[in-house]
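Me: I am new to this structure. Please walk me through it in brief questions and answers.

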Amino acid sequence: MRTAIMGTGSLGTILGAYITKAGKQVDLIDVNEEHVKALNEKGAHVIGTVDFTVPVKACTPDQMEGEYDLILFMVKQTYNDSATKALEGHIHDKTIICTLQNGLPEDALIDIYGPERVMGCTVSWGATWQGPGVSELTSEPNSMSFDLGRPDGKITPEMEQVKDILECMCPTHLLENLMGIRWSKLFINATFSGMSACLGCTFGEVVETDKGTECVKYIGNELFTICDAAGIKMEKISGVDVVTLLRLDTPEKLKSTTAAYRFMIQAHKLLKASMLQDLEKGRKTEIDAINGAVVAAGKRVGVPTPMNDKVVEIVHAEEDGKLKPQMSNLDLFTIPTITF
């Protein structure tokens with residue numbers, strides 16, 4: 001399959017490096033000309049929990065040539081319109097569009113490309129962009145995985161082909177319940193990514209304080225309640241049934257989940273939310289596609305989401321320059337009271 005990664009920020013750079021290192025073809029496409037120049041001249045340099053450099057082929061969207069059989073779609077959802085327009089003339093009627101974006105991104109791409117061509121893949125590892133040509137892998141190599149599926153739940157031969165490419169980096173699981181794993185990943189993004197952006201810190205630092213941990217617990221519980229109301233069965237994360245483990249449904253869980261959250265994030269404790277990286281660069285974030293997606297779903301099924309509402313409010317204020325991402329933003333949260 002002739003393959004391209006559309007959007008080679010922190011995650012896309014690393015995935016492209018691994019695919020190329022494994023001897024497969026992939027073009028790295030990005031609008032950042034300085035980044036593209038560094039990739040072509042010096043290769044993709046992956047640092048952090050690994051350290052290697054591999055020569056890669058990169059280009060800007062206007063430099064693309066020919067048609068691709070597979071697009072690994074990794075742009076921020078805020079850039080969907082420009083990215084899909086750039087692909088015009090470079091895909092054919094059977095090109096697979098596999099989105100590795102955060103949130104619930106499949107519907108927007110189905111509206112453009114149709115349901116038969118769209119796949120979804122969740123990314124269970126993290127990265128930080130360090131500069132042109134350089135990205136830091138912040139997850140432990142033995143803790144990384146992909147989960148790949150289709151919105152209609154079918155397992156197709158084309159999925160096996162995409163799996164073969166993704167496994168150049170890490171184990172890839174084929175799932176019938178794509179929405180279940182999407183909500184499981186959204187759980188991680190809404191809790192740790194949302195709070196990382198609010199507080200200006202890493203995932204591990206989010207739960208170093210008691211109040212930070214309490215915020216994470218109640219943000220997650222709102223998501224569990226929404227899935228119950230909507231009839232969505234969340235998939236396990238790294239073999240763990242997080243709903244059973246972390247749902248705040250007994251007085252004992254209010255205490256036990258503190259240690260559980262702190263333990264579960266250890267393998268990814270150095271990760272800094274991509275939304276925080278955007279804020280540091282003065283860019284708009286994907287907050288409306290992450291915690292905002294939880295808020296929207298809550299409204300559809302009649303579940304209040306005050307904690308997710310507050311995350312959205314704070315991050316928008318940070319985007320507008322009214323707040324800075326800092327630990328003192330914890331004071332803006334009011335922890336709910338649960339009665340049993």
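**Overall build**

Reply: The chain holds 13 helices and 12 strands. Helices (H or I, at least four residues) and strands (E, at least two) are DSSP runs, numbered from the N terminus. This is a predicted model: local features need pLDDT of at least 70, side-chain atom pairs count only at pLDDT 80 or more, and totals for chains, interfaces and linings use all residues. Residues are numbered from 1 along each chain as its sequence is written, and side-chain values use heavy atoms, with hydrogens and water left out.

Me: What share of the 340 residues of the chain counts as buried?

Reply: Buried means under 20% relative accessible area, with a 1.4 Å probe and protein chains only. By that cut-off, the buried share of the 340 residues is 55%.

Me: In what order do the strands of the open sheet of 8 strands stand?

Reply: Two strands pair if DSSP finds at least two bridges between them. The pairing in this sheet is mixed. S5 (57-59) and S12 (172-175) each have a single partner strand, so one side of each lacks a neighbour in the sheet. The order is S5-S2-S1-S6-S7-S8-S11-S12.

Me: Which residue in S12 is the bridge partner of Gly 149?

Reply: Strand S11 covers residues 146-149 and runs parallel to S12. The two are joined by 4 bridges. In S12, the partner of Gly 149 is Leu 175.

Me: Which strands does helix H2 touch?

Reply: Contact means heavy atoms within 4.5 Å. Helix H2 spans residues 33-42 and packs on the sheet. The strands touched by H2 are S2 (27-29) and S5.

How values were computed:
Axes are lines fitted to C-alpha atoms, for helices over the stretch in contact, and angles run from 0 to 180 degrees between N-to-C directions. Buried means under 20% relative accessible area, exposed over 50%, partly exposed in between (1.4 Å probe, protein chains only).
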